[in-house]
Amino acid sequence: MASVSENSLPPVPAGADIDIASLRALAERLATTAGALVRDGRPATVEVAATKSTGTDPVTEMDRASEDLLRGILAEERPDDAILGEEGDDVAGTSGLTWVVDPIDGTVNYLYGVAGWAVSVAVVAGPPDPAAWTILAGAVHSVPQDTTWSAGLGQGATRDGEPIGVSRPASLGECLVGTGFGYDADRRAAQAVVLTHVLPQVRDIRRLGSAAIDLCLLAQGSIDLYYERGLNPWDMAAGALVATEAGAVMTGLRGRVATGDMVVAGGADFVAPLAKILEAANADEG
């Protein structure tokens, strides 16, 4: 996949008229429209069309069809905006805004028919890089649940239109923690070791297979903390805004911001203690 150079994306002009509410509404419509395609078009047996990072990292024809649909709508309605997607060539723009799309987050779950896949759509200002972007609006549509989370910068977060907020557990030991694992065998082995450092100090671990949904579950208080190494921009963009607008704190390790190196998120009281555990376990290495 070709990448959009940061230098090709001009900054959002000072005083630019950016309508967050309209961008949020479009993100919701994009996510739910693609979600309907994924739901209605799923065959009884899903075939792997290709693989990406490893042989266990699949792409299906529906991944491609969903992203094609998203790109087509954006080309018609937001022709000046850039697009960063998981499956296709990236599109440069002139507006300073980039749509970051994941046509199916949780493809392995989709492949096996396990509930837990979603369409994730966000729009960011500045370079499409978690270390530098400003996420303006986003939506995550869980296809099996027919549930949509969305957020706009400064507007709060909702699930199916109802406001949501993060949980407030009493202690780290009472926190239910979400996480995920990479596809590379060596990284998975390292992540398993990290898990042995985390698990004894929290209530339990959940691994659902969709980072976008994990972050939205965090936002609505269904899990208390979340961490993961190796997320791509499209894995986290929409879910990150939903989580932070619901009151979550997001960080990386060792004073860094949240990026693909590590995302740690949750209520303010226990993000730092979890980050310390992860730092001691060298969770951002390997």
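**Exercise 1.** In this predicted model, determine how strand 7 (residues 147-152) and strand 8 (residues 156-159) run relative to each other, and how many bridges join them.

*Solution.* Strand 7 and strand 8 run antiparallel, and four bridges join the pair. For one residue-level example, take Ser150: its bridge partner in strand 8 is Thr158.

**Exercise 2.** Place these strands in their sheet and identify the edge strands.

*Solution.* The sheet is open and has seven strands, in the order 3-4-5-6-7-8-9, with mixed pairing. Strand 3 (82-85) and strand 9 (162-163) each pair on one side only, and these are the edge strands.

**Exercise 3.** Characterise the packing of helix 1 (residues 20-41) against helix 2 (residues 61-77).

*Solution.* Begin with the axes: they come within 10 Å and cross at roughly 150°. Angles over 145 degrees count as roughly antiparallel, so helix 1 is roughly antiparallel to helix 2. The crossing is right-handed. Next, consider the residues that meet: among them are Leu26, Leu30 and Leu37 in helix 1, and Met62, Leu69 and Ile73 in helix 2. By class, this contact comprises eleven nonpolar, three polar and two charged residues.

**Exercise 4.** Relate helix 2 to the sheet strands across which it lies.

*Solution.* Helix 2 lies across strand 3, strand 4 (97-105) and strand 5 (118-125). Relative to strand 4, helix 2 runs at about 155°.

**Exercise 5.** Assess the confidence of the model, overall and over residues 1-10.

*Solution.* The average pLDDT of the protein is 90, and 88% of the residues score at least 70. Over residues 1-10, however, the pLDDT is below 50. This stretch has 26 contacts in the model beyond near neighbours in sequence.

Methods:
Residues are numbered from 1 along each chain as its sequence is written. This is a predicted model: local features need pLDDT of at least 70, side-chain atom pairs count only at pLDDT 80 or more; totals for chains, interfaces and linings use all residues. Side-chain values use heavy atoms; hydrogens and water are left out. pLDDT is the predictor's confidence in each residue, from 0 to 100. Contact means heavy atoms within 4.5 Å. Axes are lines fitted to C-alpha atoms, for helices over the stretch in contact, and angles run from 0 to 180 degrees between N-to-C directions. Helices (H or I, at least four residues) and strands (E, at least two) are DSSP runs, numbered from the N terminus. Angles under 35 degrees count as roughly parallel, over 145 as roughly antiparallel, 65 to 115 as roughly perpendicular and the rest as oblique. A crossing is left-handed if the near helix is turned anticlockwise from the far one by less than a right angle, and right-handed if clockwise. Ala, Val, Leu, Ile, Met, Phe, Trp, Tyr, Cys and Pro count as nonpolar, Asp, Glu, Lys and Arg as charged, and the others, Gly among them, as polar. Two strands pair if DSSP finds at least two bridges between them.
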